[in-house]
Amino acid sequence: MTNMMTTNRLTETTMATGTDRERHQHQEMSDQNVKCGVSRIIAPRRACGTNVEGTALPRDRTIPFSALSRYAVVILLLVAFTGCATSLETAADLERASSLIAERSGESPRWDLPWDEPHPIWDGVSPLAEDDALRIALVNNRAIRAALEEIAIARADLVQSGLLPNPVLSVALGFPIDGSGGATSVGVGLTQQLVALWRRGDRMAVAEHDLDRVILSVSDQALELAKDVRQQHAEIAFAARDRALLAEQHALLEDLASLMQRRLEAGEASRLDVSRLSVQKQMMRAARIEQDQQITQHKLELLALMGRSEASTEWEIVQTPIVPAITPPSDREIPSPGMPLALPDERDLIERIDTQRLDLLAVRATADLHAASLRLEDRQRLFRSVEAGAGFERDDDRRRELGPTVAMEIPIFDTNDAKVARAAAMYRQSIIEADRIRQRAITEVRSLYAECLRLADLIALHGSEILPAVEENLRLVQQSLDAGVIDASILIEAQRERIDTHLRLNDLHRRLTLRQIALDRAVGGAVGGAVGEAVDEAVGGRIE
């Protein structure tokens with residue numbers, strides 16, 4: 001009896017112990033499932049540390065890393081293949097910009113020289129020629145040298161557009177926190193964004209068009225600088241001629257004053273005549289002071305364009321022919337009436353706009369950029385984000401698992417329609433903007449062309465008729481004064497009329513020269529010269 005009771009107690013104890021063991025095992029399995037849910041970042045599985053029947057797997061089972069290594073190698077090869085296709089070197093881009101400038105201005109920039117050191121071709125004292133001023137400005141002008149960095153930025157953007165996003169390595173650790181013990185669970189994953197791979201061509205097309213746009217824009221800024229330099233140099237040249245005319249007139253007044261003083265002493269002239277001459281001399285002196293100040297101001301503006309603002313203004317310029325675009329029929333500098341300018345036909349100038357105006361070509365490159373952006377956005381309607389990779393996981397039972405993973409964005413709410421519409425609108429806007437610039441350029445060319453012809457006619461009229469008549473009138477007045485028929489006031493008036501005619505003629509030449517420089521700029525290149533290679537060759541064959 002006693003044995004039977006003991007046996008029953010042992011049986012009950014065993015059953016209770018078995019129940020507790022099962023309950024404890026069940027609790028451990030639940031904890032493992034929770035841990036597995038935390039660390040399962042890459043590859044899901046049926047259970048954590050157990051098979052379908054709930055039997056614990058062997059602890060010495062291992063899964064090698066060879067598959068994960070293959071995934072990693074494939075991703076690294078993709079990155080290496082797509083990331084080394086384009087160079088960061090900007091020498092070829094700068095050469096393209098330099099060729100565009102040289103074709104239209106006649107000067108090839110020396111951008112290999114430092115921007116913060118004076119150009120060696122001018123010492124700041126010697127007479128300054130127009131071509132030398134332009135060479136210096138293209139090297140030392142701070143705005144142009146800063147704009148060149150935009151080319152380097154666009155080149156870097158082009159290189160970046162060809163790169164894939166870096167693969168993402170994820171590591172997760174699961175630590176037991178309920179006091180049940182066990183090993184730490186580990187999850188490792190390696191993923192790569194794949195959409196960037198098949199969008200790479202579109203992204204690079206956008207960046208290439210943007211690089212073309214920047215090169216054309218920077219070159220256009222350089223041509224604007226060339227126009228400003230040449231106009232300031234011309235202003236100094238014609239102001240110097242005005243100063244020489246005023247000095248000549250002042251010398252004539254000095255001689256006339258001496259003559260009037262002698263005649264006053266001889267009783268042949270009045271004190272009023274001497275006084276009038278004295279007033280004229282002072283007025284001429286004031287005009288020369290104003291002219292010197294004007295020359296100094298033009299020199300300061302030219303030095304600023306040349307990047308030499310600190311340089312002295314105690315220098316002269318190398319004078320150029322007074323009428324650069326008119327070819328006289330004889331040795332005289334002044335053309336005959338009705339003589340045509342050495343300019344192409346107006347229609348020919350208008351036709352040049354489409355191939356020579358760099359700002360127009362830059363806007364067209366912008367249109368190409370927006371067209372490429374539109375293609376890129378349109379292809380992103382379905383697959384905007386796709387990631388693929390492989391993951392490894394080891395749980396607290398030391399079970400190891402490896403498998404692939406794919407993550408894809410589902411375009412339910414954002415179908416990219418808004419970005420497509422925006423890109424399409426920007427493309428249409430750039431097309432309209434290009435035509436607006438073309439229309440403005442045509443109006444500018446026609447206006448400047450008509451003004452050049454009008455100024456040439458005025459120069460011919462003054463040179464062939466007005467100036468000879470004024471000179472003849474002064475000669476007759478001088479003879480009458482010597483004969484005592486008239487007083488000195490008439491001679492003073494004739495002298496003033498002569499100097500005013502010369503000053504007016506010089507101003508007409510100045511205005512014609514400035515308009516011709518502006519006409520060169522409006523057309524996009526030298527009007528009198530031929531343009532070299534086509535723009536599409538200069539920018540790598542992508543600009544049409």
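A residue counts as buried here when its relative accessible area is under 20%, as exposed when that area is over 50%, and as partly exposed in between. Keep that in mind as you click through this predicted model.

**Stop 1: two tryptophans**

Select Trp 315. Its relative accessibility is 2%, so Trp 315 counts as buried. Now add Trp 122, which is buried too, with a relative accessible area of 5%.

How many aromatic pairs does the structure hold? There is 1, and you have it on screen: Trp 122 and Trp 315 meet edge-to-face, with 5.4 Å from centre to centre and 85° between the planes. The two partners come from distant parts of the chain, 193 residues apart. Trp 122 sits in the loop between helix H3 (91–105) and helix H4 (130–140), while Trp 315 belongs to the loop between helix H8 (271–305) and helix H9 (346–356).

Stay with Trp 315 and show Lys 299. Lys 299 lies over the face of Trp 315, at 4.9 Å from the ring centre. For another arrangement of this kind, jump to Phe 238: Arg 241 lies over its face, at 4.8 Å from the ring centre.

**Stop 2: the largest nonpolar core**

As background, nonpolar side chains in soluble globular proteins tend to be buried together. Select Leu 128, Ile 151, Val 229, Leu 302, Met 306 and Trp 315: of the 44 residues in the largest nonpolar core, these touch the most other members. Next, colour the elements that give two or more residues to this core, namely H3, H4, helix H5 (142–161), helix H7 (200–265), H8 and H10. Which of them gives the most? H7 does, with 15 residues.

Centre the view on Leu 302 and show what surrounds it. Leaving aside neighbours within four places in sequence, Leu 302 is in contact with Leu 128, Ala 133, Val 229, Gln 232, His 233, Ile 236 and Trp 315. A second, separate core has 24 residues, including Ile 437, Tyr 449, Leu 455 and Leu 508.

**Stop 3: helix H10**

Select residues 358–378, which make up helix H10. Its 21 residues, at 1.5 Å a residue, should span 30 Å, and the end C-alpha atoms are indeed 30 Å apart. Is this helix largely enclosed or largely open? Of its 21 residues, 16 are buried, so H10 is largely enclosed by the rest of the structure.

Pick out Thr 366 in this helix. With a relative accessible area of 19%, Thr 366 is buried; the cut-off for that class is under 20%. Beyond its neighbours within four places in sequence, Thr 366 is in contact with Arg 213 and Ser 430.

**Stop 4: salt bridges**

Side chains of opposite charge can pair when their charged atoms come close. A search of the whole structure finds 37 salt bridges, and a few of them are worth a visit.

Begin with Asp 93 and Arg 155, whose closest N and O atoms are 2.9 Å apart in a salt bridge. This pair links helix H3, which holds Asp 93, to helix H5, which holds Arg 155, across 62 residues of the chain. Are these charged partners buried or exposed? Asp 93 is buried, with a relative accessible area of 1%, and Arg 155 counts as buried at 12% relative accessibility.

Now move to Arg 521. It meets Asp 220 in a salt bridge at 3.1 Å, N to O. Asp 220 is in helix H7 and Arg 521 in helix H12 (residues 488–523), 301 residues apart. Arg 521 also forms a salt bridge with Glu 224, the closest N and O atoms being 2.7 Å apart. Glu 224 lies in H7 and Arg 521 in H12, so this pair ties together parts that are 297 residues apart in sequence.

Compare the burial of the partners: Arg 521 counts as buried at 13% relative accessibility, whereas Glu 224, at 28%, counts as partly exposed. Asp 220 is buried. To see the wider picture, select Asp 220, Glu 224, Lys 227, Asp 228 and Arg 521 together, as they are linked in a network of salt bridges.

**Last stop: Leu 461**

Finish in helix H11 (residues 417–482), where you will find Leu 461. At 34% relative accessibility, Leu 461 counts as partly exposed. Draw a distance from its C-alpha atom to that of Leu 505: the two are separated by 9.7 Å, and lie 44 residues apart along the chain.

Note on methods: Residues are numbered from 1 along each chain as its sequence is written. This is a predicted model: local features need pLDDT of at least 70, side-chain atom pairs count only at pLDDT 80 or more; totals for chains, interfaces and linings use all residues. Side-chain values use heavy atoms; hydrogens and water are left out. Helices (H or I, at least four residues) and strands (E, at least two) are DSSP runs, numbered from the N terminus. Buried means under 20% relative accessible area, exposed over 50%, partly exposed in between (1.4 Å probe, protein chains only). The expected span of a helix is 1.5 Å times one less than its number of residues. Contact means heavy atoms within 4.5 Å. Rings of Phe, Tyr and Trp (its six-membered ring) pair if their centres lie within 6.5 Å; planes under 30 degrees apart count as stacked, over 60 as edge-to-face and the rest as tilted. A charge sits over a ring if NZ of Lys or CZ of Arg is within 6 Å of the ring centre and within 35 degrees of the ring normal. A nonpolar core is a set of buried Ala, Val, Leu, Ile, Met, Phe, Trp, Tyr and Cys residues joined through side-chain atoms within 4.5 Å. A salt bridge is a side-chain nitrogen of Lys or Arg within 4 Å of a carboxyl oxygen of Asp or Glu.
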